[in-house]
Amino acid sequence: MRPPRPVRPLLAAAAAVAISATALAGHAATTGPGSGHSLGVLAAGQSTAATDRHETALAREAREDAARRAAADAARVRSEQARAAARAAERKAAQQAAARKAAAYQAARRAAQAKAKARAVARAEAAAAANARAARSAARAAATAAPARTSWPALNRAIAAIPGYRDGIARWHVTSRFGHYGITDANQPGAANIYISPTVPASKLYSVAAHEYGHAVVIANYGTGYGPYTRYSSDMVRWFGGTTVTGLERAADCIALRLGATWTNYTGCGDPHWQEGARILLRGGTL
């Protein structure tokens, strides 16, 4: 059988509960309608804290939004700079390409000009070579076809080269007994006798032959013998001036120059009046 519980502790517990209830009732009395100040202060504190937290959040959001805008602006600037750099690079590349194209065009043009010049030079050289061959062929043909008027082949070729040569007006001889390059004798009837020295240089042989042929032309136009000689001597002096010998020699030089002589001993026949006289004589006329 259990022993009975002590009565004193139970009473002490009941008394404590009663005291707590009394205290609680007193607290309720102090916080009733007549005493609401304490509860209002508590609510106001809580509202201020909430406002502070809201404002802090807004400030943080503003800072974050500003940072995002700044980052976007920076990215936009970098993008524009990159596009500008790309455009500049494209322009530079285009300029370089244009410069290369222009240089290539100039180089091609120079090459074409050089090629054209080379072709022109080649054509000129070919033409000169062809002319030289033709001249050699003509000389050989002339040497072959030239009548053997003398014993000197070179003189025969010179006589054959005289334009419009009138056969029968001269007899040609090779001799050095007169001491001149050439001399023409009009005393023999029928035709003039022309004497050419074998010492005449090759460069002057045609000119000497043409000069002496000029004397033969005058004699053929007027006739052989003393009477015609006095008449044409007078005419030559009247037309070409000087003494009898000078007039005759000037007439022969002017005729030779019209026939293509490159050297004369008496005159260059620069006077147009003298040139006209040579033309008349070569046509068979008299002055």
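Arg149 is partly exposed, with 29% of its relative area accessible. In this predicted model, the side chain of Arg149 forms a salt bridge with that of Asp167, at 2.8 Å from N to O. The pair links distant parts of the chain: Arg149 belongs to the loop between helix 2 and helix 3 (153–160), while Asp167 belongs to the loop between helix 3 and strand 1 (170–174), 18 residues apart. Asp167 has a relative accessibility of 58% and counts as exposed, because the limit for that class is over 50%. Arg149, at 29%, falls in the partly exposed class, since that class lies between the limits of 20% and 50%.

The elements that flank this bridge have their place in the chain as a whole. The secondary structure consists of seven helices and three strands, arranged along the sequence as α-α-α-β-β-β-α-α-α-α. The chain has 287 residues, of which 24% count as buried. Its accessible surface comes to about 18700 Å², and carbon and sulfur atoms contribute 60% of that area. Where contacts join residues at least 6 apart in sequence, 47% of them are between residues at least 24 apart.

The structure holds six salt bridges, and two further examples can be followed within helix 2. In one of them, the side chains of Arg69 and Asp65 meet at 1.9 Å, N to O. Both residues lie in helix 2 (residues 37–145), and the four residues that separate them in sequence correspond to about one turn of the helix. Arg69 is partly exposed, at 47% relative accessibility, and Asp65 is likewise partly exposed, with a relative accessible area of 28%. This bridge is also part of a network: salt bridges that share partners join Asp65, Arg68 and Arg69.

The other example in helix 2 is the salt bridge between the side chains of Arg76 and Asp73, at 2.3 Å from N to O. Arg76 and Asp73 are three residues apart in the helix, which means that about one helical turn separates them. Arg76 has a relative accessible area of 44% and is partly exposed; Asp73, at 36% relative accessibility, is also partly exposed.

Taken together, these bridges show two kinds of placement in the sequence. Arg69 and Asp65 are about one turn apart in helix 2, as are Arg76 and Asp73, whereas Arg149 and Asp167 lie in two loops and link distant parts of the chain.

How values were computed. Residues numbered from 1 in each chain as written. Predicted model: local features only at pLDDT ≥ 70, side-chain atom pairs only at ≥ 80, totals over all residues. Heavy atoms only, no water. Buried < 20%, exposed > 50% of the residue type's maximum accessible area, 1.4 Å probe, protein only. Contact = heavy atoms within 4.5 Å. Areas by Shrake-Rupley, 256 points an atom, 1.4 Å probe, with all protein chains shown as cover. Salt bridge = Lys/Arg side-chain N within 4 Å of Asp/Glu carboxyl O.
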